Amino acid sequence: MSLTAPDPAVLAAVEAAVPGIARARASDRLGLAHDASHYLLTPQAVLVPESAEQVAALLRTGLPLTFRSGGTSLSGQAVSEHLLVDTRRHFRGIEVLDGGKRVRVQPGAVLRQVNARLAPYGRKLGPDPASESACTIGGVVAKQLQRHDLRHARQHVPDPGVDDDRAAQRHRHRHRSPRRRRAPAHAGARPRGGPGQAARQSPEKSGLGASHPGAVLAQEHHGVRAEQPARPTTRPRRSSPTWSSAARAPWVSSPRPSSARSRRTGWPPPACSSSPPCTRPWPPCPTSSRAAPAAVELLDAESLRVARTDAEAGEALRSLAVAEHAALLVEWQESEEELLAGRERAAGDLLPELELAAPAALSRDAGGRAALWHIRKGLYASVAGARPSGTTALLEDVAVPVPALAGLCDELTALFARHRYERSVIFGHAKDGNLHFMLNERFDTELERYAAFTEDMVEAVLSRGGTLKAEHGTGRVMAPFVRRQYGDELYEVMREIKRLCDPDGTLNPGVVLTDRDDAHLRDLKHVVTVEPEVDRCVECGYCEPVCPSRDLTTTPRQRIVLRRELAAAVAAGDRALARELEAEYGYDAVDTCAVDGMCATRLPPSGSTPAT
C-alpha cells in the first residue's frame with residue numbers, strides 16, 4: 001500500500017501555529033514511525049518544536065498530538081497516525097541543584113546522562129530501568145517513583161485552564177475553571193479497587209484525595225493515574241502521556257551506594273514451583289534493621305540457556321546443563337562497607353536452605369557485578385536478535401503479589417506450550433513480583449494465536465490479583481483490558497479526568513483509554529526480510545544517544561528502519577515510494593553517517609550492527 005499523503009489542512013494549521021517545525025517527507029515520517037514496540041503507525045508529520053512556548057502553541061491548535069522522546073516504549077505509546085511531536089532534540093537541559101540533592105531536567109535528557117552529571121556528587125535518580133542508556137526523562141516522569149522523587153513540573157495541557165508550573169496551575173484552577181478545580185479532588189476521593197485487587201483505599205492512604213487538585217494532576221501526569229489502586233509492585237513504569245506534556249521536571253536525587261555485592265544462585269527443577277527466596281521474609285541484619293536486597297532478578301531455564309552463550313558468562317554458567325533450572329541475581333547495596341557485610345552475612349543464612357544446582361557465586365568487584373548485570377539486561381536483545389527472520393519480538397510485563405509469583409511462572413510456561421510459542425523466556429524483578437516474558441510472532445499469519453494467548457494471559461494475571469502493566473506502561477497493548485482490571489467505576493473516573501483536562505481527546509488518542517476491544521490487535525508491525533545484519537535489529541533505540549548525526553539527519557535505528565521500509569515498498573510494487581526513499585537515503589543515511597562505530601558500542605548482546 002502506498003504511503004498516504006499528509007492532510008494539507010493539518011500541515012497548514014501547524015504552520016500557522018508554529019512556522020517551520022513540520023517534517024513531512026517520506027523518510028521523516030517513516031523513520032519516526034517505528035519505536036521499540038510491536039506497533040507501527042505512520043504520522044501525518046513529525047513536529048520538532050524548540051521551546052515550551054511552541055509546544056503550548058501546538059496544544060492550542062486542537063490537533064491530535066503524540067509526544068515522543070527516546071522511543072524505547074514497548075507498548076505502543078510513542079507511535080501515532082496523527083502528529084508526532086519530537087521532544088528529544090531540543091529538550092535535553094540538565095541543571096544540578098543544591099549540591100546534587102536536586103536536578104532539573106527536560107524530557108529529552110537520557111537517564112544515564114543525568115546520572116553521569118550526578119555521579120560526582122554521589123547521587124543518582126531512583127529509577128534504574130534496563131534501558132537507562134537510551135530512555136529519557138520524558139518517559140521516566142511516568143514512573144511510579146515520581147510520587148516520592150518528583151517535586152513539581154511545568155506542565156501543558158490542551159485546555160489553558162491547567163498548564164504552566166504549579167503556582168500557575170493553582171491560580172488558574174482557582175479563578176478560571178471551577179469545574180476542573182473540584183473534579184480532580186473529587187476523583188481522588190472516589191473509592192479504589194476492582195476485580196482481583198486489594199481492598200478499597202482511602203484517599204489519604206493513596207496520597208491523592210487530600211491533595212490540592214494541582215498536586216493530583218501532577219501525579220496524574222503522563223499516565224500515573226489517580227484512580228490506580230495499590231500496585232503489587234513498586235517498579236517504575238514508562239510513559240503513557242494521555243493529557244499533558246512536561247517542559248521541565250525537578251527531581252530529588254537519592255544517594256548513590258558506594259558498596260555493592262551481586263550473587264547468582266540457582267535451584268533445580270521444577271524451577272518455579274519451588275519457592276524461591278524472594279517469596280520468603282529476609283532474616284534480620286545485625287547492623288541494619290533489614291537485610292532485603294536492593295534487587296532480586298529472576299531468570300528462567302530458557303533465559304539461562306541464552307545467558308550461557310554470552311561472552312561474559314562465567315565458567316559455572318557455561319558448564320551448567322540446564323534442564324528446568326532457574327536462577328536469581330541478588331544484589332545488596334549500602335553506603336558503608338560494614339553495613340553491606342552485615343546484610344550479606346544475614347541473608348547468607350537463607351541460601352543453605354535451598355537445594356542449589358550450582359553454587360552461589362558472589363561478585364565483590366565492580367567488573368564481576370557488571371558482567372552479571374550485562375547478562376541480565378541483555379536478555380531481551382539476545383533472544384530477539386536470534387529470532388527467525390520476518391518475526392516481530394514482543395516483550396511484555398506483568399506483576400502479581402510475590403507469593404503468587406511462582407504459580408504465574410508455571411502457568412505462563414504452560415501457555416507458551418499450549419499456544420506453540422518456542423524459545424519464550426521469562427525473567428524479571430522477583431522482589432517486586434514483576435515478570436517480563438518475550439514472544440516472537442508472525443502477525444501476518446498468526447494473529448488469532450496471539451489474540452488467544454493474550455486472553456489467557458490476562459486471566460492468569462488478574463485471577464492472581466495482579467496488574468497487567470508494571471513497568472512498560474499500559475499503552476496500546478493492554479488498553480482494551482483496563483476496564484476489566486479496574487472495574488466500571490474506576491474506569492469512569494479515568495475517563496472523567498481525561499475529559500476534563502483533554503476535552504477533545506487530542507493527546508495520544510487510543511492509548512490507555514480506548515473504546516476498541518481489538519485495539520491491541522490493530523496496527524501491528526510486520527517485519528520484512530532485508531539482510532542478516534538488518535534483520536537482527538529489534539529497533540530498541542539504544543544506539544541513538546551516541547550517534548553524532550542524530551540531530552542532523554538520521555540515527556542508526558532510523559537507517560535500519562528506512563532500509564526495511566524501502567524493502568517493503570519494493571515488495572509491494574510501490575515504485576514511487578521506493579524512488580523517494582532511495583533519493584533521500586543517500587544524504588540522510590550514507591553521506592551524513594560519521595562512520596565512527598560509536599553506535600555499535602551501545603548495542604545489547606546479539607544486536608545488529610547499524611547499517612548504512
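**Exercise 1. Determine how many bridges join β15 to β17 and in which sense the two strands run, then follow the pairing onward to β16 and β12.**

Step 1. In this predicted model, β15 and β17 are joined by eight bridges and run antiparallel; two strands are taken to pair if DSSP finds at least two bridges between them. Strands here are DSSP runs of E with at least two residues, helices are runs of H or I with at least four residues, and both are numbered from the N terminus.

Step 2. Within this pairing, Val398 has Leu435 of β17 as its bridge partner, and Leu435 is also the bridge partner of Gly428.

Step 3. β16 (residues 426–429) is joined to β17 by four bridges, again with an antiparallel course. The two strands form a hairpin with four residues between them, and Gly433 in the turn has a positive phi of about 70 degrees.

Step 4. β16 is also joined to β12 by three bridges, and these strands run antiparallel; here Leu298 stands opposite Gly428.

**Exercise 2. Establish which residues point to each side of β17 and of β12, and whether they are buried or exposed.**

Step 1. In a regular strand the side chains alternate between the two faces of the sheet.

Step 2. From β17, Asn434, His436, Met438 and Asn440 point one way, whereas Leu435, Phe437, Leu439 and Glu441 point the other way, and all are buried. Buried means under 20% relative accessible area, exposed means over 50%, and partly exposed lies in between, with a 1.4 Å probe and protein chains only.

Step 3. In β12 (residues 295–299), five of the five residues are buried, with Ala295, Glu297 and Leu299 on one side and Val296 and Leu298 on the other.

**Exercise 3. Describe the surroundings of Asp397 in strand β15.**

Step 1. Asp397 lies in β15 (residues 392–399) and counts as buried because its relative accessibility is 0%.

Step 2. Leaving aside neighbours within four places in sequence, the contacts of Asp397 include Asn434, Leu435 and His436, as well as Leu468 and His472; contact means heavy atoms within 4.5 Å.

Step 3. The side chains of Asp397 and Lys469 are joined by a polar contact of 3.3 Å, that is, a pair of N or O atoms within 3.5 Å, of which, within protein, one must be able to donate a hydrogen and the other to accept it, while residues adjacent in sequence count only if both atoms are side-chain atoms. The side chain of Asp397 also reaches the backbone nitrogen of Glu471 at 2.5 Å.

**Exercise 4. Find where helix α18 bends, and by how much.**

Step 1. Helix α18 (residues 482–501) has 20 residues and, if straight, would span 28 Å at 1.5 Å a residue, the expected span being 1.5 Å times one less than the number of residues. Its end C-alpha atoms are only 20 Å apart.

Step 2. The bend is about 105 degrees at Asp488, taken as the angle between axes fitted to the seven residues ending there and the seven starting there.

Step 3. Lys498 is found in α18 and is buried, at 15% relative accessible area.

**Exercise 5. State which limits apply to the values above.**

Step 1. Residues are numbered from 1 along each chain as its sequence is written, and side-chain values use heavy atoms, without hydrogens and water. In this predicted model, local features need pLDDT of at least 70 and side-chain atom pairs count only at pLDDT 80 or more, whereas totals for chains, interfaces and linings use all residues.

Step 2. The mean pLDDT (the predictor's confidence in each residue, from 0 to 100) of the protein is 76, and 67% of its residues reach 70 or more.
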